[in-house]
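Reader: Could you take me through one part of this model up close, the place where two of the helices pack, and then show me how the rest of the chain sits around it? Keep it informal, please.

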Amino acid sequence: ELFVQYLATYSYKHGRGKEKNALTYSDLSHTAEECETFQFLADILPKKILASKYLKMLEKEKRDGEVGEDDEEDEEEEDEDETVDQDVGS
């Protein structure tokens, strides 16, 4: 209880809570990101993003992942070619 009270009080004082006279989720997530004491909560209290932005991020990661996988496959094929060349030369 004391921990939750401290988190809420800290977030209220250092966020926009005083302006709005309310504690918001964005105050809590900002505290989790910015305050070293609460950084372990960053995964639990992530910043809110729009679904469209999230879908774009996933799409970009998928494209980057596919490009990275293609590069790895090319490197593996080159390694196999070198091994075959060495075997033939022996």
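**Around the helix crossing**

Author: Let me start out in a loop and work inwards. At 74% relative accessibility, D43 counts as exposed, because anything over 50% goes in that class. D43 sits in the loop between α3 and α4, the latter being residues 51-89. Its C-alpha is 9.2 Å from that of E33, with the two positions 10 residues apart in sequence. Keep in mind that this is a predicted model.

Now the overall layout. The chain has four helices and zero strands, so the pattern read along the sequence is α-α-α-α. Of its 90 residues, 13% count as buried. Among contacts in the chain with a separation of 6 or more, 22% join residues 24 or more positions apart.

On to the crossing itself. Helix α1 covers residues 2-14 and helix α3 covers residues 25-34; their axes come within 9 Å and cross at roughly 100 degrees. Two packed helices are described by exactly that pair of values, the angle between their axes and the distance between the axes. The range for roughly perpendicular is 65 to 115 degrees, and α1 and α3 are therefore roughly perpendicular to each other. On the α1 side the contact is made by L7, Y10 and S11, and on the α3 side by D27, L28 and T31. Sorted by class, this contact of α1 with α3 has three nonpolar, two polar and one charged residues.

S11 is a good residue to zoom in on. S11 belongs to helix α1, and its relative accessibility is 0%, so S11 counts as buried. Who does S11 touch? Leaving aside neighbours within four places in sequence, S11 is in contact with L23, D27, L28 and T31.

Turn the view round and look from α3. Which residues of α3 are buried? They are D27, L28, S29, T31 and A32. The buried residues of α3 pack against α1 and also against α2, which is residues 17-20.

Not every residue in these two helices is hidden, though. S26 lies in α3 and is partly exposed, with a relative accessible area of 42%. S26 and S11 are 15 residues apart in sequence, and their C-alpha atoms are 9.2 Å apart in space. Over in α1 you find T9, which counts as partly exposed because its relative accessibility is 35%. From T9 to L23 is 14 residues along the chain and 8.8 Å between C-alpha atoms.

Last stop, the largest pocket, which holds about 200 Å³ of space. Its lining is made up of G15, R16, T24, Y25, S26, D27, S29, H30, K47 and K48. By class, that lining has one nonpolar, five polar and four charged residues. Some names from the α3 story come back here: S26, the partly exposed one, is in the lining. D27 is there too, and D27 is also one of the α3 residues in the contact with α1. S29 is another lining residue, and S29 is among the buried residues of α3.

Terms used. Residues numbered from 1 in each chain as written. Predicted model: local features only at pLDDT ≥ 70, side-chain atom pairs only at ≥ 80, totals over all residues. Heavy atoms only, no water. 1 Å grid on protein atoms, 1.4 Å probe; cavity = no way out; pocket = protein on both sides within 12 Å on 5 of 7 lines; lining within 4 Å. Points joined across faces, edges and corners; volume = space filled by probe spheres on them. Nonpolar A, V, L, I, M, F, W, Y, C, P; charged D, E, K, R; others polar. Axes fitted to C-alpha atoms, helices over the stretch in contact; angles between N-to-C directions. Helix = DSSP H or I, 4+ residues; strand = E, 2+ residues; numbered from the N terminus. Parallel < 35°, antiparallel > 145°, perpendicular 65-115°, else oblique. Contact = heavy atoms within 4.5 Å. Buried < 20%, exposed > 50% of the residue type's maximum accessible area, 1.4 Å probe, protein only.
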